[in-house]
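Hi,

Here is the structure I promised to pass on. Have a look at it first, and my notes follow underneath.

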Amino acid sequence: MSPYTERVSAVPTPSHFAPPLQKLLLQVADAVQGVQAGQSLTELLARCPAELRPGTQALTFHVLRHLGAAQAARKLLAPKAPPPKVDSLLLSALALLWPVAEPAYADHTVVDQTVSAARKRAAPSAGFINAVLRRFLREREALVAAAQRDPQGAFNHPPWWIERLKADWPEQWKAILAANNEQPPMSLRAHAGRGSAASYLERLTQAGLGGRLLGELAPQAVVLDKPVPVQQLPGFAQGDVSVQDAAAQLAAPLLLNDRAGLPPLPEAPRLLDACSAPGGKTAHLLELRPKAEVQALDADAQRLARVQDTLSRLQQSATLKAADARDTASWWDGQAFDAILLDAPCSASGIVRRHPDVRWLRRPGDIAQLADIQAGLLDALWPTLKAGGRMVYATCSVFKAEGQAQVDAFLQRCPDAELIPVDGFTGHLLPLAHNEAQPAGASIVDGFFYALLLKKKA
């Protein structure tokens, strides 16, 4: 699956934190500079002092969601980019000064604290930053309008990303980009063997937490009204509930379903989760089929450790192995699987709202490279599936090259593979903003792609 995983802690507003804004801004500027240099925000936040991390994460998310606009405005204010250490601080301040419905800080506070941070970060630049920010405030309306004439400034995504979405989704591309800049909901999966989603919602209500059910879309899903730290979730430590987006909750039921005219699975099926970290889908498979024999692979041993942590919390067990799933000689014992879940490495273009750094980290050539990896995984794993078995191919991507186009090419290569459509599950799931069917215009699910493949018997 994608190396990006759902952050389970709440992301509170910056005003909830005691540290002075200048301290947070220094951390935010480091994070923004790191992302622009190609480093993962998850890794950068891990280096942040613990007492500053929640506020830094909240502010950095905001900045990265407005980074394109801030960059466009900075080019208008200072066409020659300052050194990265200065530019990252300036961009962070411009993003915080960008007009939004409920700004976290007053304008004068942002300017004052940014200049104070500049004196510690790059003292000679303090006057320059002060002058640029004050000019932005004086001319904000005109500068915002000018910045938004630049596609990157208007949509806060790189131009190549915007163009790819236009080509793939000519009717929906704007709604997808808008959804990427929303704050995502916190979705939970009630343990299937320990009670219904409705009963868990009652426990939440008793704990003073609000939420709603998603029903048929994902029958174990509960969407919280507001994110909270996992420690506040009733029964989390005991494994009664997990944090998992509703779209990700479709994987296990799709693989195990017996409603699509497929040969039925045995009571204790032999299952493979080929790219399993951090373990949410592995655990869900075991919740739905407790007697299943599950083998979970991941190429990254450190990430595989998270799978074990997940299974331990839920009191489940599986065979875990750190291996590249394409190298079947290194891990496969020759016994065919009844079903395979391939949640393949991808661009993570469907979960940008949870990981706003993704859009700034990816490069145009990454998509073709990832598509090659996905094709290699499909080709390597197909022979390990028994005749009459099924495979679910999944990516958390909205790009067709990683979804439908990938599967179409696989079907051309493998005449014994049959695509099984399942209404409501398979195909591209798009995170669309401003959908009247969704509460408050928020996108309920992340962007995903699912295909159910049957290995035909000779």
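**The sheet around β3**

Strand β2 (residues 211–213) and β3 are joined by 3 bridges and run antiparallel. Before I go on, the ground rules: this is a predicted model, where local features need pLDDT of at least 70 and side-chain atom pairs count only at pLDDT 80 or more, while totals for chains, interfaces and linings use all residues. Residues are numbered from 1 along each chain as its sequence is written, and side-chain values use heavy atoms, with hydrogens and water left out.

On naming, helices (H or I, at least four residues) and strands (E, at least two) are DSSP runs, numbered from the N terminus. Two strands count as paired if DSSP finds at least two bridges between them.

Back to β2: Gly211 has Leu224 as its bridge partner in β3, and Leu213 has Val222. On β3's pairing with strand β1 (residues 187–190), there are again 3 bridges, and these two strands run antiparallel. Here Ser187 stands opposite Val223 of β3.

Put together, this is an open sheet of 4 strands in the order β2-β3-β1-β4, with antiparallel pairing. The edges are β2 and β4 (241–243), each of which pairs on one side only. Ignoring direction, neighbouring strands of the sheet are turned by 30° against each other on average; axes here are lines fitted to C-alpha atoms, for helices over the stretch in contact, with angles running from 0 to 180 degrees between N-to-C directions.

Which residues cover the two faces of β3? In a regular strand the side chains alternate between the two faces of the sheet. In β3 (residues 221–224), Ala221 and Val223 lie on one side and Val222 and Leu224 on the other, and all are buried. Buried means under 20% relative accessible area, exposed over 50%, and partly exposed in between (1.4 Å probe, protein chains only).

**Two helices crossing**

Helix α4 (residues 67–77) and helix α8 (residues 140–147) have axes that come within 9 Å and cross at roughly 115°. That makes α4 roughly perpendicular to α8 (under 35 degrees is roughly parallel, over 145 roughly antiparallel, 65 to 115 roughly perpendicular, and the rest oblique). The crossing is right-handed, the term for a near helix turned clockwise from the far one by less than a right angle, with anticlockwise being left-handed.

From α4, Ala69, Ala72, Ala73, Leu76 and Leu77 meet Leu143, Ala146 and Ala147 of α8. Contact means heavy atoms within 4.5 Å.

**Cysteines**

How many disulfides does the structure hold? The count is 0, with a disulfide taken as a pair of cysteine sulfur atoms within 2.5 Å. Cys396 is in no disulfide, and the nearest cysteine sulfur, that of Cys346, is 3.4 Å away. Cys396 is buried at 4% relative accessibility. Cys48 is buried too, with a relative accessible area of 4%.

Cys48 turns up again next to helix α1 (residues 21–36), where Gln27 is found. Leaving aside neighbours within four places in sequence, Gln27 is in contact with Cys48, Pro49, Leu52 and Thr56. At the other extreme of your viewer, try Gln27 and Ala339: they are 312 residues apart along the chain, and their C-alpha atoms are separated by 45 Å.**Backbone spots to check**

A cis peptide bond joins Ala277 and Pro278, with omega at about 5°. Pro278 is found in the loop between β5 (270–273) and α14 (280–288).

Two residues other than glycine have a positive phi. Gln315 has phi near 60° and is found in the loop between α15 (301–313) and β7 (319–322). Ala348 has phi near 65° and is found in the loop between β8 (337–343) and α16 (358–361). Are they buried or exposed? Gln315 is exposed, with a relative accessible area of 63%, whereas Ala348 is buried at 0%.

**A long-range pair**

Phe61 has its place in helix α3 (residues 53–65) and is buried at 5% relative accessibility. Phe61 and Pro356 are 295 residues apart in sequence, with their C-alpha atoms 6.3 Å apart in space.

Cheers
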